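Student: Could we go through this model together, beginning with its surface and ending with its core?

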Amino acid sequence: MPGRALGWGLPLALAITAVGAHYLVGPGWVESLLIGAILAPTDPVFAAALVGNEKVPPRLRQLLNVESGVNDGLALPFVMVFLAVAAGSQDLHLGELGLELGLGVVIGVAVPWLAITLERTRWFSASTVGSR
């Protein structure tokens with residue numbers, strides 16, 4: 001299923017980049033994971049070149065467009081945790097990070113749901129039928 005591959009793209013890219021950094025450049029695992037988290041999100045310039053190409057199938061262009069927008073936000077918690085560990089922090093504040101991530105997901109789902117629901121009402125619809 002194409003949707004399932006999208007969900008594994010960032011973690012796989014992060015892991016592959018981290019392993020490559022560790023064995024090719026030589027930093028420790030925490031630093032390698034930080035490098036992977038920083039470099040793993042899809043580059044928007046690369047994605048824009050493919051999304052703008054009419055030869056690429058429309059479904060693939062749409063998936064690349066969505067993935068490039070989502071990956072940066074998904075990578076941020078990994079970057080923050082690996083950066084804190086690499087800096088030697090004893091308290092990672094994982095409870096606060098989890099709360100912020102949870103609130104972000106709730107807001108990220110609730111706001112679009114509310115906007116779509118309001119748009120479907122007659123007061124907010126974009127229809128021009130009957131208006132003068």
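Student: Which residues make the nonpolar surface patch of about 630 Å²?

Tutor: This is a predicted model, in which local features need pLDDT of at least 70, side-chain atom pairs count only at pLDDT 80 or more, and totals for chains, interfaces and linings use all residues. Residues are numbered from 1 along each chain as its sequence is written, and side-chain values use heavy atoms, with hydrogens and water left out. Patch members have over 30% relative accessible area (Shrake-Rupley, 1.4 Å probe, only the protein chains shown counting as cover) and no salt bridge (Lys or Arg side-chain nitrogen within 4 Å of an Asp or Glu carboxyl oxygen), nonpolar side chains (Val, Leu, Ile, Met, Phe, Trp, Tyr) being joined within 5 Å. The patch of about 630 Å² is made by Trp113, Leu114, Leu118, Trp123 and Phe124.

Student: Why does Phe124 count as exposed?

Tutor: Phe124 lies in the segment after α5 (94–119), helices being DSSP runs of H or I with at least four residues. Exposed means over 50% relative accessible area, buried under 20%, and partly exposed in between. Phe124 counts as exposed because its relative accessibility is 52%.

Student: Which element gives the most residues to the largest nonpolar core?

Tutor: Such a core joins buried Ala, Val, Leu, Ile, Met, Phe, Trp, Tyr and Cys residues through side-chain atoms within 4.5 Å, and the largest has eight: Leu10, Leu14, Leu34, Ala37, Ala40, Ala75, Val79 and Phe82. The elements giving two or more residues to this core are α1 (2–24), α2 (29–39) and α4 (58–86). The most, three residues, come from α4.

Terms used:
Patches are made of residues with over 30% relative accessible area and no salt bridge: like charges are joined within 9 Å, nonpolar side chains (Val, Leu, Ile, Met, Phe, Trp, Tyr) within 5 Å. Buried means under 20% relative accessible area, exposed over 50%, partly exposed in between (1.4 Å probe, protein chains only).
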